[in-house]
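Biologist: Got a minute? I'd like to go through this fold with you.
Modeller: Sure, let's put it up.

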Amino acid sequence: MKHYLLSVVQPADATPPSPDALAAIMRDVEAFNDELRAAGAWVFAGGLHGPETATVLRPEGGEVLITDGPYAEGKEYLGGLCLIRAEDLDAALEWGRRAALATTLPIEVRPFVDRH
């Protein structure tokens, strides 16, 4: 089994869903996570606070410079992630499809570099 990262792409300018809509999304996400666990594909998942909570550490001249804010600003940001095990890319893409339906957000699927 290979490991894949499912990244939840959060639009920076999106209007938050209503409380009722958010509750429905969270139920769908939890059901998705339960499916992953039942299939043995679950490794880890979680949501992230907004990019304004980020701290960036940059090596510079043998020291590390610490700055507040995201590393890069953009129209989207990483809103959450899910690390899964899957047989191949097709299986990972199917999990990504299910994640997109559950979260109602775009999902980026990326394989981890094989470790030997």
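Modeller: We'll take the sheet, then the helices, then a few side chains.

Biologist: Before that, where does the model come from?
Modeller: The model is predicted.

Biologist: OK, the sheet. How many strands, and in what order?
Modeller: There are 4 strands in an open sheet. The order is 2-5-1-6, and the pairing is antiparallel.

Biologist: Which strands are at the edges?
Modeller: Strand 2, residues 42-47, and strand 6, residues 107-111. Each of these pairs on one side only.

Biologist: And what is the average twist?
Modeller: From one strand to the next, the twist averages 20°.

Biologist: How many bridges join strand 1 to strand 6?
Modeller: Strand 1 covers residues 2-11, and 5 bridges tie it to strand 6. The two run antiparallel. To find the spot by eye, look for Leu6, which stands opposite Val109 in strand 6.

Biologist: Now the helices. Which strands does helix 1 touch?
Modeller: Helix 1 packs on the sheet against strand 1, strand 2 and strand 5, the last being residues 76-86. Its direction makes about 165° with that of strand 2.

Biologist: And helix 2, which strands does it lie across?
Modeller: Strand 1, strand 5 and strand 6. Helix 2 runs at about 155° to strand 6.

Biologist: Switching to side chains. How many aromatic pairs are there?
Modeller: The count is 1 aromatic pair. Phe32 and Trp95 meet edge-to-face, with 5.9 Å between centres and 70° between planes.

Biologist: Where do those two sit in the chain?
Modeller: Phe32 is in helix 1, residues 19-39, and Trp95 is in helix 2, residues 89-103. They are 63 residues apart, so the pair links distant parts of the chain.

Biologist: Is that Phe32 buried or exposed?
Modeller: Phe32 is buried, because its relative accessibility is 6%, and the cut-off for buried is under 20%. Trp95 has 11%, so it counts as buried too.

Biologist: What sits over the ring of Trp95?
Modeller: The charged end of Arg98, 4.7 Å from the ring centre. Trp42 has a charge over its ring as well: the charged end of Arg37 lies 4.0 Å from the centre.

Biologist: One last residue. Where is Asn33?
Modeller: Asn33 is in helix 1. Its relative accessible area is 9%, so Asn33 is buried.

Biologist: What is Asn33 in contact with, beyond its sequence neighbours?
Modeller: Leaving aside residues within four places in sequence, Asn33 is in contact with Trp42 and Ala45.

How values were computed:
Residues are numbered from 1 along each chain as its sequence is written. This is a predicted model: local features need pLDDT of at least 70, side-chain atom pairs count only at pLDDT 80 or more; totals for chains, interfaces and linings use all residues. Side-chain values use heavy atoms; hydrogens and water are left out. Rings of Phe, Tyr and Trp (its six-membered ring) pair if their centres lie within 6.5 Å; planes under 30 degrees apart count as stacked, over 60 as edge-to-face and the rest as tilted. Buried means under 20% relative accessible area, exposed over 50%, partly exposed in between (1.4 Å probe, protein chains only). A charge sits over a ring if NZ of Lys or CZ of Arg is within 6 Å of the ring centre and within 35 degrees of the ring normal. Contact means heavy atoms within 4.5 Å. Two strands pair if DSSP finds at least two bridges between them. Axes are lines fitted to C-alpha atoms, for helices over the stretch in contact, and angles run from 0 to 180 degrees between N-to-C directions.
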